Amino acid sequence: MNQDAKPQPLQGLRVIEMAAIGPVPHLGTLLSNLGAEVTVLSKPAPGRYDFLHSHYAQGKRHIAVDLKSAAGVEKVVDLLPSAEVLIEGLRPGVMERLGLGPEVCLAANPALIYARVTGYGQHGPLATRAGHDINYIAHSGALHAFRRGAEQPVPPLNVVGDFAGGSMHGAISILAALYGLKAGLPVAQVLDIAMVDGAAALLTMSDNFATVLGPEALDPLANAPFYAVYECAEPGEYIAVGAVEPQFFNELLRATGIEFPAASQNDQSRWPELQQKLAEVFRSKSRSAWAEIGRTTDSCISAVLSLAESTNDAQMQSRLDKQRRFGPVGGALHPTLYHE
């Protein structure tokens, strides 16, 4: 199905994306996939981490600009009156030193939304310090949460800081600003989108658990044996269990044949016993066998698929076939845009 033939909600929106890594190209792709016309201003000699040949490059216009030259800066300024949004991800102060700070850009286009996506934000003790996703989620408290008990935290790739905290919050902020501007509201046009802020906002449920269960209680989504990953009969193959609610926990017990009092599900003193029982039973069958049990019951059992396996999975294919534009990873549009 060709999604380009469908009406797109951001059709006609013109976006300038200052070439960068991490959340900025992903943010540009989100807007592009929703119909925006995105122009990437890249270095004349891109580095190895630039995304000129990835899924994040597809569907965009690319212009090489030497921002260290007066002619290059002038070229950018000349593009501004025809754009509604500019996205940049350089360290605070760099755009100003280049002569492309908010004052200059808003003078060229008073209706421009100037979105700044950085790790620590535009102010604060660490604002100008170097860092990446792992550093930002470390400061936000998110990285500390990605562990079981007293184990060492495991970085969740660069999904939480760069993408959930940065580009997704960035997209929401930009669309909100555009709406407010159109409605004549006194909205901010220079957006300070910090990955530390976005990552911290994602911890709301963990904070709720701490409030309800008490600060000393273990977060069930990080420590409960009924919300965990287990190895199957094949070494290196895993299944995931997410039987949080009592009715699903009961289904899990039935599916695994484990004898355990359902009323003790949230008794944390009994979690080690339950975890041992689950680990033993899941090692008794193959991943495919457990996946079939998960498909046919409400036990909340799922195979842990690789990215390649996921793109060939029946459920994922049924979704991606409706959404795919350019590729299996970066090309999916938001599913709520589509109708049967």
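**Two sheets and their surroundings**

Student: In what order do the 3 strands of the antiparallel open sheet follow one another?

Tutor: In this predicted model, the order of that sheet is β7-β8-β9, with antiparallel pairing.

Student: What makes β7 and β9 the edges of the sheet?

Tutor: β7 (227–231) and β9 (301–303) each have a single partner strand, so one side of each is left without a neighbour in the sheet. From one strand to the next, the twist averages 25°.

Student: How do you know that β8 and β9 count as paired?

Tutor: Pairing requires at least two bridges between the strands, and 3 bridges join β8 (residues 238–242) to β9, with the two strands running antiparallel; the requirement is therefore met. Within this part of the sheet, valine 241 stands opposite isoleucine 301, which belongs to β9.

Student: Which helices lie across β8 and β9?

Tutor: Helix α12 (residues 271–282) lies across β7, β8 and β9, and runs at about 40° to β7. Helix α13 (residues 287–296) lies across β8 and β9, and its direction makes an angle of about 135° with β9.

Student: Where does cysteine 300 lie, and what is notable about its phi?

Tutor: Cysteine 300 lies in the loop between α13 and β9, and its phi is positive, about 60°, although the residue is not a glycine.

Student: Why is cysteine 300 called partly exposed?

Tutor: The class covers relative accessible areas between the 20% limit for buried and the 50% limit for exposed; cysteine 300 has 27% relative accessibility, so it counts as partly exposed.

Student: Why does leucine 157 fall into its accessibility class?

Tutor: The exposed class begins over 50%, and the 71% relative accessibility of leucine 157 therefore makes it exposed. Leucine 157 is located in the loop between α6 (142–145) and α7 (159–182), and it has a positive phi of about 55° although it is not a glycine.

Student: What is the strand order of the parallel sheet?

Tutor: That open sheet has 6 strands in the order β3-β2-β1-β4-β5-β6, and its pairing is parallel. The edge positions belong to β3 (61–64) and β6 (190–194), because each has a single partner strand and is left with one side lacking a neighbour in the sheet. Neighbouring strands of the sheet are turned against each other by 20° on average, with direction ignored.

Student: How do you know that β5 and β6 are paired?

Tutor: At least two bridges are needed, and β5 (residues 113–118) and β6 share 5 bridges in the parallel sense, so they count as a pair. Valine 117 stands opposite isoleucine 193 of β6.

Student: What makes β1 and β2 a pair, and how covered is β1?

Tutor: β1 and β2 run parallel and are joined by 5 bridges, which satisfies the requirement of at least two and means that they pair. The bridge partner of glutamate 17 in β2 is valine 40. As for cover, 4 of the 5 residues of β1 are buried, and the strand is described as mostly covered. Helix α2 (residues 70–79) lies across β1 (14–18), β2 (37–42) and β3, running at about 150° to β3.

Student: Why is isoleucine 87 assigned to its accessibility class?

Tutor: Buried means under 20% relative accessible area, and isoleucine 87 has 0%, so it is buried. The residue lies in strand β4 (residues 85–88).

Student: Which residues does isoleucine 87 touch, if residues up to four places away in sequence are not counted?

Tutor: Among them are Val15, Ile16, Glu17 and Met18, together with Val24, Leu27, Ala115, Val117 and Ile174. By contrast, the C-alpha atoms of isoleucine 87 and leucine 218, which are 131 residues apart along the chain, are separated by 40 Å.

Student: How many helices and strands does the protein chain have, and what share of its residues counts as buried?

Tutor: The protein chain has 15 helices and 9 strands, and 39% of its 340 residues count as buried. Among contacts with a separation of 6 or more, 62% are between residues 24 or more positions apart.

Key. Residues numbered from 1 in each chain as written. Predicted model: local features only at pLDDT ≥ 70, side-chain atom pairs only at ≥ 80, totals over all residues. Heavy atoms only, no water. Buried < 20%, exposed > 50% of the residue type's maximum accessible area, 1.4 Å probe, protein only. Contact = heavy atoms within 4.5 Å. Axes fitted to C-alpha atoms, helices over the stretch in contact; angles between N-to-C directions.
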